[in-house]
Amino acid sequence: MHVRLKKLHDQVIVITGAGSGIGLATARLASRQGAKVVLACRSQQSLDDAVAAIRAEGGEALAVRADVGVAADHDRILGAAIDQYGRIDTWVNNAGVSIFGRLEDVPIEDQRKLFDTNYWGVVYGSTTAVAYLKQHGGALINVGSEVSDRAIPLQGAYSASKHAVKGYTDALRMELEAEAAPVSVTLIKPASIATGYSEHARNYMDVEPRLPPPVYTADTVARAILYAAQHPRRDIFVGGAAKAISSVGLRMPALADRMAGWLIRHQRSDTAARERADALYDAGAPARGDTARDGAGPPHVRKTSMYTQLATGGRGLLWAGAAVLVCGTVIGAARGRRWH
C-alpha cells in the first residue's frame with residue numbers, strides 16, 4: 001500500500017523527550033511550519049517553558065508530563081492529543097538517555113533503567129501509536145542513532161539499546177507492510193548532536209564525557225524528522241559521519257574495531273568528573289549546552305549536513321554523495337589519517 005502523509009501545516013505531531021535537545025528543536029520547527037505539536041517529557045518546567053515559547057511565536061502546543069518508560073503514560077499522551085486536537089498524524093519516539101563508562105563499571109540496574117527509556121519507551125510508544133495510525137494513517141518515527149548499526153566503546157549500554165531499537169523498528173515496519181497498513185515507519189540515525197546529551201548522561205569515567213566530532217545542531221535532526229513526517233522513508237542518517245560509521249562498521253568491521261582508541265580519546269574530556277545530577281532516573285535540569293534552547297552553538301558545531309540534504313532531496317544525488325563519502329573515508333583510514 002502506498003502511504004500518503006499530510007503536509008506539516010495539516011498535521012498533529014506527538015513528540016516524546018520534547019523538553020530539550022532534538023525533541024524541543026523538532027517541536028519548534030514543526031510549529032513554525034504550521035503543525036500542532038504535543039510535547040511529552042518528565043519535566044513539567046521544561047514542558048511549560050517550551051510550550052510558552054511556541055505559543056509566543058503564534059504556534060499551537062500541548063504539554064503532557066509523562067515518563068516513556070511507563071506504558072500507561074503513552075495512552076495518556078494519545079488521549080490528551082485527541083481530546084485537544086481530535087487526532088494525531090505523526091508520532092515521534094525521541095526520548096533517550098545515555099551512560100558513559102566501561103561496561104564492567106556500569107551497574108546492571110543502571111543498564112536496565114536505560115533500556116526502560118531507550119528501548120521500552122520506543123516499544124510502548126510505537127504500540128500505542130500504531131494501534132491508532134493503522135485506523136487513520138500516518139507516520140511513526142523512531143529516533144535511533146549512528147550506533148544503531150555500529151557499537152562504540154564507553155557507551156556500550158546506549159549502543160545496545162539503539163541496536164535493539166533498530167531491530168524492533170525494522171521488524172515492525174515489515175509486519176505493517178505485510179498487512180498493507182497505512183503507516184510509514186522511519187528510523188532516524190543521527191551522528192553526534194550538540195544538545196545536553198553528555199550533561200544529562202550518567203558518568204562512570206574519571207573525567208567529564210563529551211561527544212566525538214563532527215557534531216551537528218539539533219535542528220539538523222529536526223529537519224530530517226519532519227521530512228520523514230511528510231515523505232515515507234525507511235531510514236535517514238543525519239550527518240555524513242553517521243553514514244560513514246555505519247558503512248565502515250558493516251563492510252569493514254575489523255577496521256572499525258581498530259578505531260576504538262580514537263573513539264575512547266574523543267569521548268573523554270580534559271575536565272575532571274564532577275558531582276552532578278543526571279537524567280537516568282529523574283528529569284535532568286535544563287542543559288547549558290543545549291543548542292535547541294539557545295538556537296545556536298559553539299563554532300565547531302555544524303549547522304547543516306550536505307549528506308542529509310542529499311538524502312532528503314534526491315536519490316540520484318544521494319547515491320553519488322554516499323559513494324564519495326564512503327570512498328573518502330576508506331582511503332583516509334587506509335592512509336592512517338585521523339578520522340573526522
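Let's start inside the sheet of this predicted model: Val92 has Ile141 of strand S6 as its bridge partner. That pairing belongs to a parallel match between strand S4 (residues 90-93) and S6, which runs over four bridges. S6 also pairs with strand S7 (residues 183-190), again in the parallel sense, this time over six bridges. Here Val143 has Ile188 of S7 as its bridge partner.

| Strand pair | Sense | Bridges |
|---|---|---|
| S4 and S6 | parallel | four bridges |
| S6 and S7 | parallel | six bridges |

So how covered is S6 itself? Strand S6 spans residues 138-143, and six of its six residues are buried. In a regular strand, side chains alternate between the two faces of the sheet. In S6, Gly138, Leu140 and Asn142 point one way, Ala139, Ile141 and Val143 point the other way, and all are buried.

Now for the helices. Helix H8 (residues 218-230) reaches 19 Å from its first C-alpha to its last, close to the 18 Å expected for its 13 residues at 1.5 Å a residue. Eleven of those 13 residues are buried, so H8 is largely enclosed by the rest of the structure. Among the buried ones are Val221, Ile225, Leu226 and Tyr227.

Helices H4 (residues 108-118) and H5 (residues 120-136) pack at about 25°, with their axes 3 Å apart. Angles under 35 degrees count as roughly parallel, and H4 and H5 are therefore roughly parallel to each other. H4 brings Phe115, Asp116, Thr117 and Asn118 to the contact, while H5 brings Trp120, Gly121 and Val122. By class, that makes three nonpolar, three polar and one charged residues.

Technical notes. Residues are numbered from 1 along each chain as its sequence is written. This is a predicted model: local features need pLDDT of at least 70, side-chain atom pairs count only at pLDDT 80 or more; totals for chains, interfaces and linings use all residues. Side-chain values use heavy atoms; hydrogens and water are left out. Axes are lines fitted to C-alpha atoms, for helices over the stretch in contact, and angles run from 0 to 180 degrees between N-to-C directions. Helices (H or I, at least four residues) and strands (E, at least two) are DSSP runs, numbered from the N terminus. Angles under 35 degrees count as roughly parallel, over 145 as roughly antiparallel, 65 to 115 as roughly perpendicular and the rest as oblique. Contact means heavy atoms within 4.5 Å. Ala, Val, Leu, Ile, Met, Phe, Trp, Tyr, Cys and Pro count as nonpolar, Asp, Glu, Lys and Arg as charged, and the others, Gly among them, as polar. The expected span of a helix is 1.5 Å times one less than its number of residues. Buried means under 20% relative accessible area, exposed over 50%, partly exposed in between (1.4 Å probe, protein chains only). Two strands pair if DSSP finds at least two bridges between them.
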